[in-house]
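Notebook, first pass. I set out to look up one sheet, the helix beside it, and then the chain as a whole.

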Amino acid sequence: MTIEQKKREDEKTPQRRCLCCRGNGKKVDLLRFVVVDGVICFDLRKKLPGRGYYVCAQRHCIEKAFANGFKRVLKRDPSSLGSDAEAFIASVVLPGLRKRYTELLQSGYASHQLLIGSDSVEEAAKSDALGCYILATDASESTKKKYRLNAQRKGLPCVGLFDRAFYGQLFGKSDKVVLGWLRGSLCESFMPIEAAIRRLEGMREDNEMASDEGEG
Ligand SMILES: [Zn+2]
C-alpha cells in the first residue's frame, strides 16, 4: 500500500471519541460500552443497540471512565458499577476481550482466514498473503527467534498471548505453536483486541522483546 492509499484508507476508517481523554481514535481500537437496564455493558462486537460510549483500550482511560464518565452516564444509579476500577477491568473488560479474541480465531478458522501450522503460514508469507504471525507463548526459543526475524523482514506483527495447548483446543486439535492470519478484515479486527489484552494485562510488546534479543 502506498502512503497515499494508506491516507485515503485512514480517512475512510470510522473514528470515535474517547469518553475520557476526548481523543479521537479508530473505532476498531476503542472499546464500546452501552447501558442495558441501568448497567454498563461491554459491547464486544460494537453492535448492541443504544448509545455507545467509547473508551480507549488503555488502563488510564478505563479507570477514568470508571471514576467519572460512566458515573455521569449512570447518573440515576451508578451503584451497579461497583467501587473498584481494577475489579471492573478484571471481571468485565478482560474476560470480554478474551472471549472476542477466541471468537475471532474460531471464525477465522471456519472461514479459512486463519492458518494453522508452520507450513501453511510460511507458504502464505511467501506469497505476501500473510497479515500477521501468531506464536504460542511456550514456543521454543529457536522457533520464536525464527518467526520474529521473518516477521521483521516482512514488516508484519508477530503476536501471541496463550500457550500451544490453548490454541490447539480452540480448534479441537492437538497443540498448535504457529498460526497466522491472512490479510483481511478478521486480521484487522483481531490486532486491536490482541493489543488491548496485552496492554491491560501489562504484558510486554512484541517489539520490545525483539529489541531485547538484539541487544543480548
Ligand atoms: Zn482515552
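I looked up the open sheet first and found three strands in the order β4-β3-β5, paired antiparallel (strands pair if DSSP finds at least two bridges between them; strands are DSSP runs of E with at least two residues, helices runs of H or I with at least four, numbered from the N terminus). I noted β4 (39–42) and β5 (53–56) as the edge strands, each pairing on one side only, and an average twist of 35° from one strand to the next. This is a predicted model, in which local features need pLDDT of at least 70, side-chain atom pairs count only at pLDDT 80 or more, and totals for chains, interfaces and linings use all residues. Residues are numbered from 1 along each chain as its sequence is written.

I then followed β3 (residues 30–36), which pairs with β5 in the antiparallel sense over four bridges, and I found cysteine 56 in β5 as the bridge partner of leucine 30.

Next I turned to α2, which packs on the sheet and touches β3, β4 and β5, its direction making about 160° with that of β5 (angles run from 0 to 180 degrees between N-to-C directions, with axes fitted to C-alpha atoms, for helices over the stretch in contact).

I also looked up α2 (residues 59–73) against α3 (residues 85–110): they pack at about 110° with axes 9 Å apart, and are therefore roughly perpendicular (65 to 115 degrees). Among the residues that meet are Phe66 in α2 and Phe88 in α3, where contact means C-beta atoms, placed from the backbone, within 7 Å.

Last, for the whole chain I recorded eight helices and nine strands.

How values were computed
Parallel < 35°, antiparallel > 145°, perpendicular 65-115°, else oblique. Contact = placed C-beta atoms within 7 Å.
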